[in-house]
Amino acid sequence: EKKIRRIDSAKDKSRAREKDSERLKVEENVFDVSTLKILYTLSNKGIIKAMGGSISTGKEANVFYAEGPEKELAIKIYRISSSTFKAMDTYIMKDPRFTNIRNNKRDIIFAWTRKELQNLKRAKSAGVRVPEPVLAEKNILIMEFMGEKEVPYPLLKNTPLENDEVKLVYDTIVEYMHLLYKEANLVHADLSEYNILIDPNNITPIFIDMGQSVTLEHPNAREFLYRDVKNILRFFSRYGIKDKTEELLKKIQAE
Ligand code: ATP
Ligand code: MN
């Protein structure tokens, strides 16, 4: 209580930020004190100009809209109290990039958040359209907001595709999987119509949610790639795409 009051009194220094803290209070149950502190610090540094509404409440994380100094932002906040973090273990512990993190819940979640930032960076450098990562601090990931005027782009799942759009969207997804594999050395590992957005301006896919993505050295990388391929083929079978699993796997792993 005292800590929260201290943070709240700091905010009084700036009337401009008053609205934000009101909103943060509404969301108080998802923010522990340390998360609030980081948000206030980021706001003091001008990285966040104003917090906006909730975009999504997922199993492990909440995503919020925010205004940045230049562009719209999405803020993904992993809940420290997340109950499914155990599953993160199997992804993190076998990843050569994260071999010496301590085995406690907070550290695993912080490593997970940094991993998502790094994965987004690698994907972007490889030419895959993803939200541009801005920064990761503890359990908070800040990235480019994929949407317009506070409205996020729709999921592939919720975007009916015209006949002439199917091939382009499918081919681009396959090309992105190939680029991830060959250029970024990554497998998405949770790819499906739920983690692909569609930019309605040009009907282009955008990959999101890369916290669980693993490098090819991960002992389960092949299995994860197989699952991703299966998911994409299952989804596109409704649009008449009949590619075979083995064919598509080869295409993704080709030079
Ligand atoms: P879930 O458990 O539902 O899969 P998650 O915790 O894994 O969610 P994400 O999939 O990364 O988190 O994001 C949840 C939702 O938030 C997405 O489906 C999307 O609608 C929205 N979202 C995530 N990142 C962005 C972004 N950069 N720009 C706009 N919207 C986003
Ligand atoms: Mn998701």
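These legends accompany several close-up views of a predicted model.

**View 1. Asp95 and Arg97 pair through their charged side chains.** Welcome to the charged pairs, of which the structure holds 8 as salt bridges. Here the side chains of Arg97 and Asp95 meet, with 3.0 Å from N to O. The two partners sit in contrasting surroundings: Asp95 is buried, with a relative accessible area of 0%, while Arg97 is partly exposed at 26%.

**View 2. A salt bridge joins Asp199 to Arg129.** The N to O distance in this pair is 2.9 Å. Asp199 belongs to strand β9 (residues 196-199), and Arg129 to the loop between α5 (105-125) and β4 (133-137), so the bridge ties together parts that are 70 residues apart in sequence. As for accessibility, Asp199 counts as buried at 4%, whereas Arg129 counts as partly exposed at 26%.

**View 3. Asp171 and Lys167 form a salt bridge within helix α6.** Their closest N and O atoms are 3.0 Å apart. Take a look along the sequence too: the two residues are 4 places apart in helix α6 (residues 163-182), so about one helical turn separates them. Asp171 has 30% relative accessibility and counts as partly exposed.

**View 4. Asp209 takes part in a salt-bridge network and also binds the manganese ion.** The network links Asp209 with Lys76 and Glu116. At the manganese ion (ligand 2), the protein donors are OD1 of Asn195 and OD of Asp209, lying 2.2 to 2.3 Å from the metal. These two donor residues link distant parts of the chain, 14 residues apart: Asn195 is in the loop between β8 (186-187) and β9, and Asp209 is in the loop between β10 (204-207) and β11 (214-215). Asn195 counts as buried, with 7% relative accessibility.

**View 5. The largest nonpolar core has 60 residues.** Which of its residues touch the most other members? They are Leu156, Ile173, Met177, Phe207 and Phe236. Helix α6 supplies the largest share of this core, 10 residues. Domain 1 (2-148) and domain 2 (153-253) both give residues to the core, so it lies between them. For a closer look at one member, follow Ile173: leaving aside neighbours within four places in sequence, Ile173 is in contact with Leu156, Ile196, Pro205, Phe207, Ile232 and Phe236. A second, separate core has 16 residues, including Met51, Ala66, Leu73 and Ile140.

**View 6. Aromatic rings pair at several places in the chain.** The count comes to 9 aromatic pairs. Phe31 and Phe64 form a tilted one, with 5.4 Å centre to centre and 40° between the planes. Phe31 lies in the loop between α2 (18-26) and α3 (33-44) and Phe64 in strand β2 (residues 61-67), so this pair ties together parts that are 33 residues apart in sequence. Both rings belong to buried residues, Phe31 having a relative accessible area of 5% and Phe64 one of 1%. Tyr91 and Trp112 make an edge-to-face pair because their planes are at 85°, with ring centres 5.8 Å apart. Tyr91 lies in helix α4 (residues 85-92) and Trp112 in helix α5, so the pair ties together parts that are 21 residues apart in sequence. Tyr91 is buried at 14% relative accessible area, as is Trp112 at 6%. Elsewhere, ring pairs link Tyr170, Phe235, Phe236 and Tyr239 into a cluster.

Notes: Residues are numbered from 1 along each chain as its sequence is written. Chains are lettered from A and ligands numbered from 1 in the order in which they are written. This is a predicted model: local features need pLDDT of at least 70, side-chain atom pairs count only at pLDDT 80 or more; totals for chains, interfaces and linings use all residues. Side-chain values use heavy atoms; hydrogens and water are left out. A salt bridge is a side-chain nitrogen of Lys or Arg within 4 Å of a carboxyl oxygen of Asp or Glu. Buried means under 20% relative accessible area, exposed over 50%, partly exposed in between (1.4 Å probe, protein chains only). Donors are N, O and S atoms within 2.8 Å of the metal (3.2 Å for Na, K and Ca); water is not among the atoms, so sites may look incomplete. A nonpolar core is a set of buried Ala, Val, Leu, Ile, Met, Phe, Trp, Tyr and Cys residues joined through side-chain atoms within 4.5 Å. Domain bounds come from an automatic or database domain assignment. Contact means heavy atoms within 4.5 Å. Rings of Phe, Tyr and Trp (its six-membered ring) pair if their centres lie within 6.5 Å; planes under 30 degrees apart count as stacked, over 60 as edge-to-face and the rest as tilted.
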